[in-house]
Amino acid sequence: MSLIVDALIHFCNVSTIGLCGFMKVPQIHAIVKAKSVKGLSLASLILELTSYVITLSYNVYAGYALITYFEYPLMVTQDVVMLAIFLSLTGRLSPLVILPAAAGAYFSYSIAMGLLSEAFIKTLVGLCTPISASSKVVALLAIISSKNSETVSVSAWSISAYTCLTRIFTIYVESADPVLLLNFITSLVLNLLIITAAIYYKPRAKKD
């Protein structure tokens, strides 16, 4: 690869990881500040977390360079924090949450270590696109149905859209993995739709 392409890949990798390190922070801040989850969806959050965990595990299994997917452990961590806050604010946080969390962690480990069949792992990765798309469709519908995006962070979704764009470029150049490319292209389109809806339904400040 040329020096220019290498430099672009490096910039995309570094900027993606850097932004993903605090991608959900604006969203978490908005929820905590409002003490409300209006306009958000628990189903969307769980689906997104599932997609991130599977994609992270697959990248480890496939042996891809850590810098090409390091944003995933960062996003998984932030989604877990968001999920805990969501459950707490809705009165559903209890010790029983440990059971599905432990099952999910073991499932992720099984994928990453290749304890499951290659065919099954590839099937799971193939499902990441509809799972990720479903999470975003549910998030979009939650905004539209409530007609209120007060707790929806446009900054967080904008960062997500940017990272999808950078990953489309780096994956296309380095591995051209069709499954991952389809996932990121679909996510980019839906991220842009969510941003549009969030801006449209953002409560306007009342004039005196």
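Accessible area here comes from the Shrake-Rupley method with a 1.4 Å probe. On that basis, the chain exposes about 10,900 Å². Carbon and sulfur atoms supply 72% of that area. Keep in mind that this is a predicted model.

Let's start with the fold. The chain has eight helices and zero strands. From the N terminus on, the order reads α-α-α-α-α-α-α-α. The radius of gyration is 18 Å, and the globule rule gives 17 Å for 208 residues, so the chain is as compact as a globular protein of that length. Along the principal axes, the C-alpha trace spans about 60 × 45 × 25 Å.

Next, burial and contacts. Buried residues account for 44% of the 208 in the chain. Now take the contacts between residues at least 6 apart in sequence. Of these, 82% join residues at least 24 apart.

A word on charge. The chain carries 13 positive and 9 negative charges. Their mean positions sit 16 Å apart.

Now the core. Which residues touch the most other members of the largest nonpolar core? They are Tyr72 and Ile143, in a core of 46 residues. Several helices each supply at least two residues of this core. They are H2 (25-34), H3 (42-62), H4 (71-89), H6 (118-146), H7 (154-174) and H8 (178-200).

Stay with Ile143 for a moment. Leave out residues up to four places away in sequence. Ile143 then touches Gly39, Asn148, Ser149 and Val152. Ile143 also touches Ile194, Ala197, Ala198 and Tyr201.

On to the loop between H2 and H3, where Lys38 is found. Is Lys38 buried or partly exposed? Lys38 is partly exposed, because its relative accessible area is 45%, and that lies between the 20% cut-off for buried and the 50% cut-off for exposed. Again leaving out residues up to four places away in sequence, Lys38 touches Asn148 and Thr151. Asn148 is also among the residues that Ile143 touches. Lys38 and Lys147 make a pair to look at on screen. They are 109 residues apart in sequence. In space, they are 9.8 Å apart, C-alpha to C-alpha.

Lys35 has its place in that loop between H2 and H3 too. Its relative accessible area is 68%, over the 50% cut-off, so Lys35 counts as exposed.

Now some backbone geometry. Most residues other than glycine have a negative phi. Lys35 has a positive phi of about 50°, although it is not a glycine. Ala176 also has a positive phi of about 50° and is not a glycine. Where does Ala176 lie? Ala176 lies in the loop between H7 and H8. At 37% relative accessibility, Ala176 is partly exposed.

Last stop, helix H5. This helix covers residues 98-112, and Gly104 lies in it. Gly104 is partly exposed, at 32% relative accessibility. Gly104 and Ala133 are 29 residues apart in sequence. Their C-alpha atoms are 20 Å apart in space.

To recap: eight helices, zero strands. The largest nonpolar core has 46 residues, with Tyr72 and Ile143 touching the most other members. The positive phi values to check are those of Lys35 and Ala176.

Technical notes
Residues numbered from 1 in each chain as written. Predicted model: local features only at pLDDT ≥ 70, side-chain atom pairs only at ≥ 80, totals over all residues. Heavy atoms only, no water. Helix = DSSP H or I, 4+ residues; strand = E, 2+ residues; numbered from the N terminus. Rg over C-alpha atoms; globule rule 2.2 N^0.38 Å. Buried < 20%, exposed > 50% of the residue type's maximum accessible area, 1.4 Å probe, protein only. Contact = heavy atoms within 4.5 Å. Lys, Arg positive; Asp, Glu negative; His and termini not counted. Charge placed at Lys NZ, Arg CZ, Asp CG, Glu CD. Core = buried A, V, L, I, M, F, W, Y, C linked by side-chain atoms within 4.5 Å.
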